[in-house]
Amino acid sequence: MLVFLLKSTACLTIFLVFYKLMLERESIHHFKRYFLLGALIVSFIIPNLVFIEYIDAVEPTTTSIAPITTPISNTVIEQPIPEASVFDWQLLLWMVYGLGVVGFGLRFMANLLRIRLRIKKNPKFKENFVTKVLLKQALPPHTFFNFIFLNQKQHKEGNIPQEVLLHEETHAKQKHSLDILFIELAQVILWFNPLIYLFKSSIKLNHEFLADNAVINKDHDHSQYQNTLLSYLSNGIENHQSVGIANAINYSSIKKRFTVMKTKTSKTSFVLRSLLLLPLTALLLFGFSETKTITRTTPVELTETSLYPENKSFESTDGISSRSIQLAGLILDSETLLPLENAIITDSEGSTLAKTDNKGYYNIEFQVSSSGEIFFDFNVVKEGYVSTNQIQHWGNLQGKISSAIYIGLRQDESGSRQLSSLVPNVKNLDYETILTNYPEVKKDFVLAKKIEASKKGNQNVFLQLDEGFYLLSDSWIRINSKSDLVLVDDETIVPAKTLNNLIKRNQIMGMTPLGPGSKAKYAIYTTEQTQNDGQKTINPIEIHINKNGKLLFQNKIVPLEDLKGELAKINDHLSFEERKKTIRSIINAEATTPKDVIQKVDGIFEEYGSATINIVGPKMLGQSSATREEMKEYNTLAKKYNAMDRNHMIIKKDEVMRLKTIYGKMSEKQRNDAEPFPDFPPPPPAPPAIGEPEPPKSPLNIKEPMEVKPHSPQMPPAPPAPKSPLEHIKEMADKGATFTLNGKEISAKEAMRTVQKNNKINIDIRGTKGDNPIVKLSVDPIEIDN
């Protein structure tokens with residue numbers, strides 16, 4: 001209601017300003033009459049106009065609620081319920097408005113009654129098309145419809161000029177009283193709006209312009225008419241007032257009337273001023289009307305299907321274990337909470353999954369064949385209601401997962417909120433169980449109010465409320481106790497009660513319960529994580545690609561060609577080099593996701609700048625990658641051996657084998673970003689056969705037991721092998737050398753990678769005996785200056 005009043009008042013103001021500036025002093029009085037009436041009507045029509053745009057229900061979206069993105073216990077998506085006020089100000093305002101309507105309505109009725117009594121109790125006679133009513137009161141001539149009220153004494157003495165009588169007859173002939181009744185009724189309803197009184201004044205003044213113009217057109221002498229009006233009105237008659245709803249000659253506007261009498265508006269000026277109304281009206285329509293998008297569903301055969309082909313055996317597909325998800329719940333009217341029959345549930349492609357029965361109940365079961373965290377979405381469409389898109393992002397749960405989701409749809413014209421509540425781990429999803437759990441869902445709406453109130457003025461993650469314990473982000477999870485263990489960023493496990501000292505609520509990107517076998521019961525992912533070297537890295541960028549090659553990025557469908565633009569909107573405070581050091585990207589794909597789409601997305605992430613790109617799901621063209629934990633293990637071992645002198649290494653066989661195993665799993669990008677693979681010396685020769693002399697010992701101290709024949713003759717140790725290029729680079733790095741590649745300065749780590757990758761690299765070392773040696777690397781032959 002408030003929005004409507006503000007919009008209508010803005011329209012009235014714009015129209016009135018246009019009238020005062022462009023039209024009021026012009027002689028186009030008939031046009032001005034209809035403009036004022038039309039502007040008054042249009043100002044209350046435009047805010048109520050709704051332009052409807054129909055779209056096909058392929059990928060319906062919701063704008064009124066945030067979708068649930070984690071399997072949280074009893075999640076409620078609803079605006080906080082306002083605190084009840086001791087004093088109801090809204091009721092007071094409505095009471096004041098009602099009293100105003102009653103008061104102005106009684107005033108309007110009293111004026112009509114007064115006119116009726118004057119007609120009934122005073123002498124009158126009909127002359128031509130008007131009826132003249134003779135009054136004993138000293139009132140100015142005034143008109144109401146075909147009744148002209150005149151002072152009886154002045155009429156008998158002939159003191160009323162013919163011009164004044166013609167003026168009043170014009171009011172009657174042109175039915176100006178209809179305009180007055182209309183504006184009076186508008187004033188009763190909108191008595192509090194000052195613009196109504198300004199419009200009323202302008203309409204009455206324009207009636208005077210019309211009547212004056214009729215007299216001048218007959219006599220062709222506006223000077224004589226002006227003198228007659230001044231002479232008549234200066235006779236003290238202006239001190240008496242007529243009834244407000246009648247047209248009466250008055251003295252207050254005489255100066256403006258005399259000015260307008262002399263004005264002549266040309267046809268060209270009239271056309272130009274009229275044409276200005278077109279852009280003005282278009283501007284008001286654009287600014288103060290409403291545009292609504294309604295999803296138009298194409299009639300389909302309402303048969304229950306699955307998001308994915310049903311797989312009863314739950315056998316692995318492409319090496320990935322299938323998991324079963326079963327959803328059930330109620331679809332309700334969010335305002336009345338009554339069940340909605342024939343609400344259609346579709347997948348992202350628009351295929352029908354299920355429809356609700358006459359109790360509002362639905363039941364869906366489908367398979368998830370991708371690995372890792374579970375991600376899926378579905379749409380709920382009902383004619384006459386705003387469609388909603390439910391996006392579910394669950395943890396890495398296994399087996400058969402059953403949950404209930406209760407959804408309240410908002411009617412197109414309703415002001416109520418859309419509702420959504422998820423109850424996980426419901427073992428029985430039949431209608432009776434769903435109905436039994438529903439009262440608890442309604443209680444959650446009240447609980448949501450308390451939780452939202454508790455968030456004000458703090459960034460706490462853990463909350464103890466009444467007798468319950470909760471983890472808070474944009475949504476919330478109910479936990480069992482304050483001692484429940486929580487895994488933060490896959491690294492730290494802490495009791496829930498200590499979270500407020502560790503992280504803030506605005507850092508959280510996602511929360512999820514963890515399945516059986518995990519050390520912690522819940523996981524939280526924040527906006528920052530820590531690398532091995534202590535450097536902060538941005539939370540992973542995650543994208544999901546379904547079996548049809550559609551991309552789901554940041555909870556919305558993104559066309560492949562728009563992915564670059566969407567990536568450019570995030571982490572824009574980082575340079576490309578900074579992103580190459582800190583950004584971790586994850587591509588979640590299904591077993592049947594097109595490989596060319598995966599390759600294109602991988603290339604886009606590469607151009608955007610990512611420290612690591614992990615593809616979770618099907619293996620792409622033999623590509624593999626090491627896990628985060630394996631990368632940590634590899635870097636630790638590689639640093640350890642790279643720091644050793646090659647000629648005096650203490651090597652453990654199991655560590656070497658572990659390094660080779662992880663290095664074999666690593667993608668090309670991971671290898672480039674990791675520590676260089678250690679330059680191990682060749683293994684010692686095998687022990688000699690019986691009767692043969694033993695070969696010389698390797699200078700290396702190998703801890704692995706070696707089979708050595710006792711009392712064999714000892715040979716002198718072999719001379720040390722020449723240092724490899726990589727060893728020279730490491731030695732120079734220890735001396736603080738400066739490294740260049742093709743003339744461009746690089747770090748020691750990059751120099752070691754370059755030498756390790758290219759065994760034909762040219763190396764020029766200068767100043768080996770000084771404090772700051774220089775090492776030049778080049779793919780071209782190095783010219784030595786003599």
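**Figure 1. A charge over a ring: Arg671 and Tyr663.** In this predicted model, the charged end of Arg671 sits over the ring of Tyr663. From there to the centre of the Tyr663 ring is 4.4 Å.

**Figure 2. Phe144 and Phe145 make an edge-to-face pair.** Let's move on to rings that pair with rings. The count of aromatic pairs comes to 15. Here you're looking at Phe144 and Phe145, with 4.9 Å from centre to centre and 90 degrees between their planes. Planes over 60 degrees apart count as edge-to-face, so that's the name this pair gets. Are these two residues buried or partly exposed? Phe144 has a relative accessible area of 10%, so it counts as buried, since the cut-off is under 20%. Phe145 comes out at 27% relative accessibility, which makes it partly exposed.

**Figure 3. Phe462 and Phe469 make a stacked pair.** Why is this pair called stacked? The planes of Phe462 and Phe469 are at 15 degrees, and planes under 30 degrees apart count as stacked. Their ring centres are 6.2 Å apart, and that's still a pair because the limit is within 6.5 Å. Phe462 is buried, at 10% relative accessibility. Phe469 is buried too, with a relative accessible area of 15%.

**Figure 4. Five residues joined into a ring cluster.** Which residues belong to this cluster? They're Trp94, Tyr97, Phe104, Trp191 and Phe192, and ring pairs link them together. If you want to find them in the structure, start at Trp94 and Tyr97, then look for Phe104, and finish with Trp191 and Phe192.

**Figure 5. Two stretches with pLDDT under 50.** Over residues 297-320, pLDDT stays under 50. For that stretch the model has 46 contacts beyond four places in sequence. Residues 697-716 also stay under 50, and the model gives them 28 contacts beyond four places in sequence. For the protein chain, the average pLDDT is 76, and 77% of the residues score at least 70.

**Figure 6. Zooming back out to the protein chain.** How many helices and strands are there? The secondary structure comes to 20 helices and 34 strands. Of the 786 residues in the chain, 45% are buried. Now take the contacts with a separation of 6 or more: 67% of them are between residues 24 or more positions apart. As for the outside, the accessible surface is about 42000 Å², and carbon and sulfur atoms account for 56% of that.

Definitions and conventions
Residues are numbered from 1 along each chain as its sequence is written. This is a predicted model: local features need pLDDT of at least 70, side-chain atom pairs count only at pLDDT 80 or more; totals for chains, interfaces and linings use all residues. Side-chain values use heavy atoms; hydrogens and water are left out. pLDDT is the predictor's confidence in each residue, from 0 to 100. Contact means heavy atoms within 4.5 Å. Helices (H or I, at least four residues) and strands (E, at least two) are DSSP runs, numbered from the N terminus. Buried means under 20% relative accessible area, exposed over 50%, partly exposed in between (1.4 Å probe, protein chains only). Accessible areas come from the Shrake-Rupley method with a 1.4 Å probe; for residues, only the protein chains shown count as cover. Rings of Phe, Tyr and Trp (its six-membered ring) pair if their centres lie within 6.5 Å; planes under 30 degrees apart count as stacked, over 60 as edge-to-face and the rest as tilted. A charge sits over a ring if NZ of Lys or CZ of Arg is within 6 Å of the ring centre and within 35 degrees of the ring normal.
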